[in-house]
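Okay, everyone, thanks for squeezing me in. I'd like to walk you through one model, so have a look at the screen and stop me whenever you like.

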Amino acid sequence: MDKLRRRLDAPGTVVVVGKRGDTCVACCFGQPLRLADGQVSEVEAHLSLVAVAPSYWGQGYGTVLMQFAEESFEVAGYIRAQLHVLQANTRARNLYERCGWSFLGAGEPHEDGPQVVYGKQFAAGPQPSEGSAIGAC
């Protein structure tokens, strides 16, 4: 829990929570992307812990969550973002692709299985190409 608290409190962190009444139905957060050389990007974010409560799947909450997260990233000054997702999580991968995120390549190993990386451009600037500049989460 301390690790999560430190990540949420870090400078440049964006937190998005979707509620329906008093119920939290979706959430995610992003923070500056840590590049492969260990440096922290000032213009690229890493999106983490994208989640929609299963009873709300298929109702558009994931799409709205992603749209709001992207808008929040832009307001925070990010021009693009990346996210890691388990390769086998086709439900999430389909959401990201519907929302305009592009497959960038293989991600870091994960205890639950192979990951892949997606990216999206928000503002003017060079678009990362497949397999380039994949950062760590």
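Let's start with Glu70, which you'll find in helix α2. Buried or exposed, this glutamate? It counts as buried, because its relative accessibility is 10% and the cut-off for buried is under 20%. As for what covers it, once you skip residues up to four places away in sequence, Glu70 touches Cys99, Trp101, Lys120 and Phe122.

I should say right away that this is a predicted model, so please keep that in mind for everything I show.

Staying in helix α2, look at Gln67. That one counts as partly exposed, at 41% relative accessibility. Gln67 also sits across from Cys99: the two are 32 residues apart in sequence, and their C-alphas are 7.7 Å apart in space. So Cys99 comes up for both residues: it is one of the contacts of Glu70, and it has that C-alpha distance to Gln67.

Let me zoom out for a moment. Along the sequence, the chain reads α-β-β-β-α-β-α-β-β, which comes to three helices and six strands. There are 137 residues, and 39% of them count as buried. If you take the contacts with a separation of 6 or more, 56% of them join residues 24 or more positions apart. On the outside, the chain exposes about 7900 Å², with 53% of that supplied by carbon and sulfur atoms.

Now the pocket. How big is the volume of the largest pocket? About 1100 Å³. Its lining takes in 40 residues, and the ones nearest the centre are Ser48, Leu49, Val50, His84 and Tyr96. Several elements contribute at least two residues each: α1 (2-9), β2 (23-34), β3 (40-52), α2 (61-75), β4 (80-86) and α3 (90-98). Which of them gives the largest share? That's β3, with eight residues. And if you're wondering about the chemistry of the lining, it divides into 22 nonpolar, twelve polar and six charged residues.

One of those central residues deserves a second look, and that's Leu49. It lies in strand β3, and its phi is near 50 degrees, a positive value in a residue that isn't glycine. For background, most residues other than glycine have a negative phi. Leu49 also counts as exposed, because its relative accessibility is 54% and exposed means over 50%.

Next, cysteines, since somebody always asks. How many disulfides does the structure hold? Zero. Cys27 is in no disulfide, and the nearest cysteine sulfur, which belongs to Cys24, is 5.1 Å away. Cys28 is in no disulfide either; there the nearest cysteine sulfur is that of Cys27, at 7.0 Å. Neither pair qualifies, because a disulfide needs the two sulfur atoms within 2.5 Å. The two cysteines also differ in how covered they are: Cys27 counts as partly exposed at 29% relative accessibility, while Cys28 counts as buried at 3%.

Last stop, the stretch around β6. Pro114 lies in the loop between β5 (102-106) and β6. This proline is exposed, with a relative accessible area of 53%. Even so, Pro114 has partners from elsewhere in the sequence: leaving aside its neighbours within four places, it is in contact with Val85, Leu86 and Gln87. The C-alpha of Pro114 is also 7.8 Å from that of Ala88, and those two are 26 residues apart along the chain.

Then comes Val116, in strand β6 itself, residues 115-121. Where Pro114 is exposed, Val116 is buried, with a relative accessible area of just 5%. What does Val116 touch, not counting residues up to four places away in sequence? The list is Leu83, His84, Val85, Gln87, Arg93, Phe103, Gly105, Ala106 and Gly107. Notice that His84, one of the residues nearest the centre of the largest pocket, is among them. Val85 and Gln87 turn up for Val116 and also for Pro114. And the C-alpha of Val116 is 9.9 Å from that of Asn89, which is 27 residues away along the chain.

That's my tour. Happy to rotate the view if anyone wants another look.

Technical notes: Residues numbered from 1 in each chain as written. Predicted model: local features only at pLDDT ≥ 70, side-chain atom pairs only at ≥ 80, totals over all residues. Heavy atoms only, no water. 1 Å grid on protein atoms, 1.4 Å probe; cavity = no way out; pocket = protein on both sides within 12 Å on 5 of 7 lines; lining within 4 Å. Points joined across faces, edges and corners; volume = space filled by probe spheres on them. Helix = DSSP H or I, 4+ residues; strand = E, 2+ residues; numbered from the N terminus. Nonpolar A, V, L, I, M, F, W, Y, C, P; charged D, E, K, R; others polar. Buried < 20%, exposed > 50% of the residue type's maximum accessible area, 1.4 Å probe, protein only. Contact = heavy atoms within 4.5 Å. Areas by Shrake-Rupley, 256 points an atom, 1.4 Å probe, with all protein chains shown as cover.
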